[in-house]
Amino acid sequence: MSKNPPTPSITADYAQRVTDDLSVNRSEQERVRAELARLQEELVRLEESEQVLTKMQEVLGTTPKQTAKKGKGGKTAAVPAARRSNGKTAAGKTGTTTGRKTSKKAASPKKPGEPTWLELTTAHLTAQSEPKSAAEVSAALTEAHPERTVQVTVVRNTLEHGVAQGLFERSKQGRSVFYSPAVAVSAQPSS
């Protein structure tokens, strides 16, 4: 008989914990929504500031190529649809962005006979005496192959693909990641 009385008490305790957890969850949601709204407003201000600065650059005649391309693309920094709250974009407008279209146009397709990114990165890393970051490899490939559009993300993905295939080794130093050619382990006589 002593087992029956604790059950309502335990149930009441769990019910109270669930109620408390739900309250904390809802207050955290409100805090995150407020922070998201603040960040969205800040993003809109930064985008407007960028447009003003870009126009000033054009007036001064000092427009770099990269800035000119970005200015023509329009607003591309919106929260992806899966993360939007109530179907709103970062600027509070609905519609699709053109960010993906511009990135597809910027990528230059590989012409027949040209080496693949994996071949280019392998050749570059094997010629190096020390590990290199994806940014360093990208910079070197941009310099060596000005006819091809080199994107750091493409090079990073290629390097990671090479790691998966065992062609490269990845090493971390703090938050930085470096890549080097994989060292083939050969059977050496021990003397």
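**Exercise 1. Find a stretch of low confidence and decide how to read it.**

*Solution.* Begin with residues 67-76, over which the pLDDT (the predictor's confidence in each residue, from 0 to 100) stays under 50. For this stretch the model has 13 contacts beyond four places in sequence, where a contact means heavy atoms within 4.5 Å. Residues 87-107 also have a pLDDT below 50, and they make 25 contacts beyond near neighbours in sequence. Where pLDDT is low, the predicted coordinates should not be read in detail. Next, set these stretches against the chain, whose mean pLDDT is 77, with 67% of its residues at 70 or more. Because the model is predicted, local features need a pLDDT of at least 70 and side-chain atom pairs count only at 80 or more, while totals for chains, interfaces and linings use all residues. Residues are numbered from 1 along each chain as its sequence is written, and side-chain values use heavy atoms, with hydrogens and water left out.

**Exercise 2. Trace the salt bridges of Arg-38 and explain their spacing.**

*Solution.* A salt bridge is a side-chain nitrogen of Lys or Arg within 4 Å of a carboxyl oxygen of Asp or Glu, and the whole structure holds 7 of them. First, Arg-38 meets Glu-35 with an N to O distance of 2.7 Å. These two lie 3 residues apart in helix α1 (residues 6-60), and therefore about one helical turn separates them; helices here are DSSP runs of H or I with at least four residues, and strands are runs of E with at least two, numbered from the N terminus. Second, Arg-38 meets Glu-42 at 3.1 Å, N to O, and this pair is 4 residues apart in α1, again about one helical turn. An α-helix has 3.6 residues a turn, so residues three or four places apart point the same way.

Now consider accessibility, where buried means under 20% relative accessible area, exposed over 50%, and partly exposed in between (1.4 Å probe, protein chains only). Arg-38 at 38% is partly exposed, as are Glu-35 at 32% and Glu-42 at 30%. Elsewhere, Glu-130 forms a salt bridge with Lys-132, the closest N and O atoms being 3.7 Å apart; here Glu-130 is partly exposed at 46%, whereas Lys-132 is buried at 16%. Finally, shared partners join Glu-35, Arg-38 and Glu-42 into one network.

**Exercise 3. Describe the largest nonpolar core and the part that α4 plays in its surroundings.**

*Solution.* A nonpolar core is a set of buried Ala, Val, Leu, Ile, Met, Phe, Trp, Tyr and Cys residues joined through side-chain atoms within 4.5 Å. The largest has 12 residues, among them Trp-117, Leu-141, Val-150 and Phe-168. The helices α4 (117-126), α5 (134-144) and α6 (152-165) each supply at least two residues of this core. Leaving aside residues up to four places away in sequence, Val-150 touches Trp-117, Ser-138, Leu-141, Thr-142 and Val-155.

Then turn to α4, whose buried residues are Trp-117, Leu-120, Thr-121, His-124 and Leu-125. Seen down the helix axis, these residues fall within an arc of 120°, so they line one face of α4, the arc being that of the directions from the axis to the C-beta atoms. The buried residues of α4 pack against α5, α6, β1 and β2.
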